[in-house]
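Subject: Structure for you to look over

Hello,

I am passing on the structure we discussed, with the sequence alongside. My notes come after it.

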Amino acid sequence: MKLYTFFRSSASYRVRIALNLKGLTYAAYKAINPQALVPTLEDNGKILTQSLAIIEYLDEKQPHPPLLPKDPADKALVRSMAMVIACEVHPIQNLRVLNYVKKEYNQTDEQVNRWAQHWIDLGLSALEQMLIAQPKRGKYCFGDAPTLADICLVPQLGNARRYGCDLSLYPNILAIEKTCMALPAFVNASPEKQPDAE
Ligand SMILES: N[C@@H](CCC(=O)N[C@@H](CS)C(=O)NCC(=O)O)C(=O)O
C-alpha cells in the first residue's frame, strides 16, 4: 500500500492511525502538489481518496480490530462523532480556507486564527457534550477500544493547539486523547514522527 500524505495534514493523520491499528504497512510520500488534497491511498492499483472513505475501506478489507461498532445505532453514533470533526470543523479551518479568507478579505493572521479557533471550539464543545450525554462512553469516545471517532478526534486536537484553543474546557476529550496517545498506533501516526516532518 502506498499512502500519499503530508506530516501536518490531520486528514492524513486519521488514515495513518487506522493503518497502524490494523497493522498494515505503507510507504509515505511527501505531498508536493499544493493543489492536491491529501491523503490518497493506493492499494493494488486502486486509488482511494477522502480519509473517511479510506478508513471504512480498510475496516471492511481487514475487519480486525473493528473501527465501527456492529449495532446500527451505535455505528451511527460513532460516525456522527467522527463527522462533527470531519464534516463540520476540519473543512472550515483547513489551510486553504484560512489562506482564502486572509487574502480575499484582507484579514490579519490573528483574525484568521480567531476564525479557526471559533469553528474548532464550536465543534469540540458539541463533542464534549455528546461524550457526557452518551452512556456507552468508556475509555474512548465509544466503549473501550478506539473507533473512527477517536481517529478523527486526536488529529483535530493537534490543529486546535496550533490555533491556540483552550483545551482545558474539554476534560472528557483530553482524557480520551491521553488514552489514545498511550497506543503506538496513535503515537507513530503523529505529525512529528513522519519522515517529511519539518
Ligand atoms: N475531506 C478530506 C479533506 C482532505 C484535506 O482537506 N486535506 C488537506 C490537509 S488536512 C489538504 O490536502 N490540503 C491541501 C490544500 O488545501 O491545498 C479528507 O478527509 O480526506
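Below is what was found, starting with the whole chain and ending with single residues.

Please keep in mind that this is a predicted model.

Overall build. The chain contains 8 helices and 4 strands. Their order along the sequence is β-α-β-β-β-α-α-α-α-α-α-α. The radius of gyration is 16 Å, close to the 16 Å that the globule rule gives for 198 residues, so the chain is as compact as a globular protein of that length. Along the principal axes, the C-alpha atoms fill a box of roughly 50 × 45 × 25 Å.

Contacts and burial. Taking contacts between residues at least 6 apart in sequence, 69% join residues at least 24 apart. Of the 198 residues, 44% count as buried.

Surface and charge. The accessible surface is about 10300 Å², and carbon and sulfur atoms account for 56% of that surface. There are 22 positive and 20 negative side chains, and the centres of these two sets are 4 Å apart.

Helix α5. This helix covers residues 109–133, 25 residues in all. From its first C-alpha to its last it reaches 36 Å, close to the 36 Å expected at 1.5 Å a residue. Its buried residues are V112, A116, I120, G123, L124, L127, E128 and L131. The list thus includes one glutamate, E128. The cover over the buried residues of α5 includes α3 (72–93), α4 (95–104), α6 (148–162) and α7 (171–180).

Backbone points to check. Most residues other than glycine have a negative phi, and most peptide bonds are trans. Three places in this model depart from that pattern, and are listed here with their locations.

- H64 to P65: this peptide bond is cis, with omega near -5°. P65 sits in the loop between α2 (51–61) and α3.
- N44: phi is positive, about 50°, although the residue is not a glycine. N44 lies in the loop between β3 (40–43) and β4 (46–49). Its relative accessibility is 67%; the cut-off for exposed is over 50%, so N44 counts as exposed.
- Q50: phi is near 70°, again a positive value in a residue other than glycine. Q50 belongs to the loop between β4 and α2. With a relative accessible area of 56%, Q50 is exposed.

Regards

Methods: Residues are numbered from 1 along each chain as its sequence is written. This is a predicted model: local features need pLDDT of at least 70, side-chain atom pairs count only at pLDDT 80 or more; totals for chains, interfaces and linings use all residues. Side-chain values use heavy atoms; hydrogens and water are left out. Helices (H or I, at least four residues) and strands (E, at least two) are DSSP runs, numbered from the N terminus. The expected span of a helix is 1.5 Å times one less than its number of residues. Buried means under 20% relative accessible area, exposed over 50%, partly exposed in between (1.4 Å probe, protein chains only). Contact means heavy atoms within 4.5 Å. The radius of gyration is taken over C-alpha atoms; the globule rule is 2.2 Å times the number of residues to the power 0.38. Accessible areas come from the Shrake-Rupley method with a 1.4 Å probe; for residues, only the protein chains shown count as cover. Lys and Arg count as positive and Asp and Glu as negative; His and the chain ends are not counted. The place of a charge is taken as NZ of Lys, CZ of Arg, CG of Asp or CD of Glu.
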